[in-house]
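Trainee: I should like to learn how to read the features of a structural model. May we work through one together?

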Amino acid sequence: MDIEFDAAKDEANTARHGISLTRAADLDVVARMVDVRFQERRLRAYGLIDGEAYCLAYTLRNGVVRAISPRRAHAKQMRRYVR
């Protein structure tokens, strides 16, 4: 998957969540949902990176995935969204 992201956001996400936005391309997606809390249409994808559960917040801009924040997913989220 082609992804883009802001370099400053990548640095902040790595410091906060311990994962670079570049790893969003490695997400083996098993579930998706629309996140309606924001003005811009955002999506969340749940899946695995290196065998660990992750959640990726992202948006689509001109057909390209714009990664906002990958982070570890909680077991409760995986039970709720992954079927």
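**Reading the model**

Mentor: Let us begin with a single residue: Tyr46 is buried, its relative accessibility being 2%. Please keep in mind that this is a predicted model.

Trainee: Which residue forms an aromatic pair with Tyr46, and how are the two rings arranged?

Mentor: For a pair, one reads the distance between ring centres and the angle between planes; planes under 30 degrees apart count as stacked. The count of aromatic pairs here is 1. Tyr46 pairs with Tyr81, with 5.0 Å from centre to centre and 20 degrees between the planes, and the pair is therefore stacked. Since Tyr46 belongs to strand β3 (residues 42–49) and Tyr81 to helix α2 (residues 75–81), the pair ties together parts 35 residues apart in sequence.

Trainee: Is Tyr81 buried, partly exposed or exposed?

Mentor: Buried means under 20% relative accessible area, and exposed means over 50%. Tyr81 has 28%, so this residue is partly exposed.

Trainee: In what order do the strands of the sheet run?

Mentor: A sheet is read from one edge to the other. This open sheet has 5 strands in the order β1-β5-β4-β3-β2, and the pairing is mixed. β1 (3–4) and β2 (28–35) are the edge strands; each has a single partner strand, so one side of each lacks a neighbour in the sheet. β1 pairs with β5 (residues 64–72) in the parallel sense, over 2 bridges, and Glu4 lies opposite Arg66 in β5.

Trainee: Which residues make up the largest nonpolar core?

Mentor: A core is read as a set of buried nonpolar residues joined through their side chains. The largest one here has 12 residues, including Ile19, Leu43, Tyr54, Tyr58 and Val65. At least two residues of this core come from each of β3, β4 (52–61) and β5. Another core, of 6 residues, lies apart from it; Tyr46, Ala53, Cys55 and Ala73 are among its members.

Trainee: What sits over the ring of Tyr54?

Mentor: The charged end of Arg72 does, 5.6 Å from the ring centre.

Trainee: Where is Glu40 placed, and which residues does Glu40 touch beyond four places in sequence?

Mentor: Contacts are best read together with position and accessibility. Glu40 lies in the loop between β2 and β3 and is partly exposed, at 31% relative accessibility. Beyond four places in sequence, Glu40 touches Thr59 and Arg61. Glu40 and Asp6 are separated by 34 residues in sequence and by 16 Å in space, C-alpha to C-alpha.

Methods: Residues are numbered from 1 along each chain as its sequence is written. This is a predicted model: local features need pLDDT of at least 70, side-chain atom pairs count only at pLDDT 80 or more; totals for chains, interfaces and linings use all residues. Side-chain values use heavy atoms; hydrogens and water are left out. Two strands pair if DSSP finds at least two bridges between them. Helices (H or I, at least four residues) and strands (E, at least two) are DSSP runs, numbered from the N terminus. Rings of Phe, Tyr and Trp (its six-membered ring) pair if their centres lie within 6.5 Å; planes under 30 degrees apart count as stacked, over 60 as edge-to-face and the rest as tilted. Buried means under 20% relative accessible area, exposed over 50%, partly exposed in between (1.4 Å probe, protein chains only). A charge sits over a ring if NZ of Lys or CZ of Arg is within 6 Å of the ring centre and within 35 degrees of the ring normal. Contact means heavy atoms within 4.5 Å. A nonpolar core is a set of buried Ala, Val, Leu, Ile, Met, Phe, Trp, Tyr and Cys residues joined through side-chain atoms within 4.5 Å.
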